[in-house]
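Colleague: Could you walk me through one part of this model at close range? I would love to know how a pair of neighbouring helices is arranged.

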Amino acid sequence: MTDLPRPLGAAVAIENVGIGALGQDDLPPLHVPMRFFVTAALFGLLAGAVWLVHGEASFGDRYAPSMLAAVHLLTLGCYTMVMFGALFQVVPVLGGGGLPRARLVAALVQPTLAAGAASLAFGLSRGDRTALLLALLLLGIPFAVFVPAVGGNLLRRRSRALRPLRLAMLCFVLTVGLGATLAGALAWPAAGLPFRTVTNQHAAAGGLGFALLLIVGTSQQVVPMFHVTPTFSRAAMRFVAPGIAVGLGLQWLPGLSVVGTLVLVAAGLWHAGETLWLLAARRRRRKDPAVMAWQIGLASVAAALLLAALDLLGPEAPVQLALGARRELLLGLLFGFAGVGTIVSGMLTKIVPFLAFLHLQRRCLAARAPFPVMPTMEALLSRRMASLQVVSHVVAAALVVTATLRPGLGGLAGAATTAAFAVLGQNLVTAWARHRRAATAIDRAAGTAAAGA
Amino acid sequence: MRARVLDTSGLEPPQPMQQVLVALGELAADEYLVMQHRREPLPLYPMLARLGFCHRVRRGRTTTFEVVIWRATDPEPPGSP
């Protein structure tokens with residue numbers, strides 16, 4: 001029952017379509033997102049291992065085979081894997097309904113995405129046509145299955161909260177299309193393809209489009225909820241995501257690239273600035289590794305956007321000349337690894353124990369077990385473990401970004417990256433195992449309670 | 001009927017839900033619960049029904065929402081605590 005007056009009720013409908021609106025019956029089983037997250041950690045570890053082995057050679061050239069392999073292990077095998085896994089939870093939440101056949105979709109998407117990413121990385125590192133062709137075939141499956149499943153849910157609902165996700169999925173389709181074109185061109189070299197231009201468009205659509213829009217859409221819901229901050233301004237909710245998408249589109253139109261860059265950078269900086277301001281204004285100011293991850297990640301994203309804006313100064317500007325060919329690798333890893341990667345690591349410290357807790361609570365209720373059996377979120381993933389996860393990623397990110405300017409540090413950056421993802425994997429497996437133990441304890445307590453009744 | 005007020009507006013999830021479920025377990029025979037929160041706690045509602053409670057949502061005085069919760073066997077509490 002609700003006796004809210006109409007105007008407030010309407011505002012509520014828009015403002016509270018967030019994870020706070022999670023209908024527990026729409027939640028897919030915990031193993032659905034967890035298998036994506038654990039696989040993502042393994043791919044991150046592999047990327048670190050590639051940098052560890054190839055070190056200076058990787059960081060010396062953006063197009064070095066080992067760098068191309070590591071970047072795709074991270075972007076496709078790790079970040080896309082995490083984002084897909086999270087979307088199984090986020091879309092039902094923002095869309096208000098569960099994904100159709102979530103278990104089947106997950107069972108198809110996760111192994112083919114993993115195999116495709118591994119095959120692509122191998123093909124890029126060795127210039128192996130067979131591996132590239134296999135990657136194209138394998139990656140076709142998750143995209144053909146997942147995009148329509150998520151897209152259908154996104155298009156059916158009219159919530160404003162879904163707008164950034166719709167745009168993100170659009171950019172994702174674009175990224176995949178451009179990536180497939182590039183992989184096809186590598187497998188069957190064709191004259192006339194502007195390789196560098198298409199590569200830049202592929203990277204921009206994936207990073208600034210898919211990843212940034214997904215971060216915008218998720219953070220607009222998650223930051224106020226998890227960190228007890230004021231809500232985002234209506235203007236930000238309305239204009240930031242479309243601004244990023246429009247800026248990206250304008251960048252590709254002849255004669256409008258300067259305007260596009262300005263719009264894109266302004267929208268991205270707006271989001272980073274407003275999120276940092278909201279975090280500074282949060283009600284509970286205790287130390288939280290996830291907050292630190294947001295702060296460092298968003299600062300890195302902002303720095304990368306400012307670096308992108310250097311294009312406006314022209315190629316002869318002193319700073320452009322000083323950075324030279326290193327600028328593109330610096331920009332990509334500052335945005336992707338220090339920015340997106342740090343935010344993803346921080347968000348996982350919140351999302352994983354929270355989802356595990358929700359599933360346990362549902363189990364507790366269904367089994368009519370006493371609530372004191374329930375563990376706390378802290379018991380599922382301790383603050384010390386979460387801090388170690390974020391700090392190790394930040395250290396790795398600092399070394400990776402430095403290695404783009406000092407390639408001799410590439411091996412060390414690889415070692416730090418491997419260690420950071422090992423910590424992430426260890427935390428994920430630990431939280432998952434603790435969830436299973438708690439589920440068993442709940443079932444046992446429910447049995448005892450039933451026997452005593 | 002006496003109102004028992006629980007302010008969860010400054011708490012991170014899932015603490016609001018945890019505290020409400022604990023408070024409901026401790027509710028005296030002549031009491032009902034008023035949960036104050038900054039967001040509408042939609043996941044709570046199916047749980048309340050399963051646990052044998054009714055609820056009503058209204059605009060809060062100091063927080064955005066107040067959820068009035070009472071036992072299904074009790075009469076509905078008056079409009080304000």
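Modeller: Happily; here is the pair, after a word on the chain that holds it. This is a predicted model, in which local features need pLDDT of at least 70 and side-chain atom pairs count only at pLDDT 80 or more, while totals for chains, interfaces and linings use all residues. Residues are numbered from 1 along each chain as its sequence is written, with chains lettered from A and ligands numbered from 1 in the order in which they are written.

Chain A has 15 helices and zero strands (DSSP runs of H or I over at least four residues, or of E over at least two, numbered from the N terminus). Along the principal axes, its C-alpha atoms fill a box of roughly 80 × 50 × 40 Å.

Now to the pair itself: helix α7(A) spans residues 195-227 and helix α9(A) residues 257-280. Their axes (lines fitted to C-alpha atoms over the stretch in contact) lie 11 Å apart, and the two pack at an angle of about 20° (on a scale from 0 to 180 degrees between N-to-C directions). That makes α7(A) roughly parallel to α9(A), a term for angles under 35 degrees. The crossing is left-handed (the near helix is turned anticlockwise from the far one by less than a right angle).

At the interface, α7(A) brings L208(A), L212(A), V216(A), S219(A), V223(A) and H227(A). These meet L264(A), G268(A), H271(A), T275(A), L278(A) and L279(A) of α9(A), with contact meaning C-beta atoms, placed from the backbone, within 7 Å. In chain A, 77% of the contacts with a separation of 6 or more join residues 24 or more positions apart.

Technical notes
Contact = placed C-beta atoms within 7 Å. Parallel < 35°, antiparallel > 145°, perpendicular 65-115°, else oblique.
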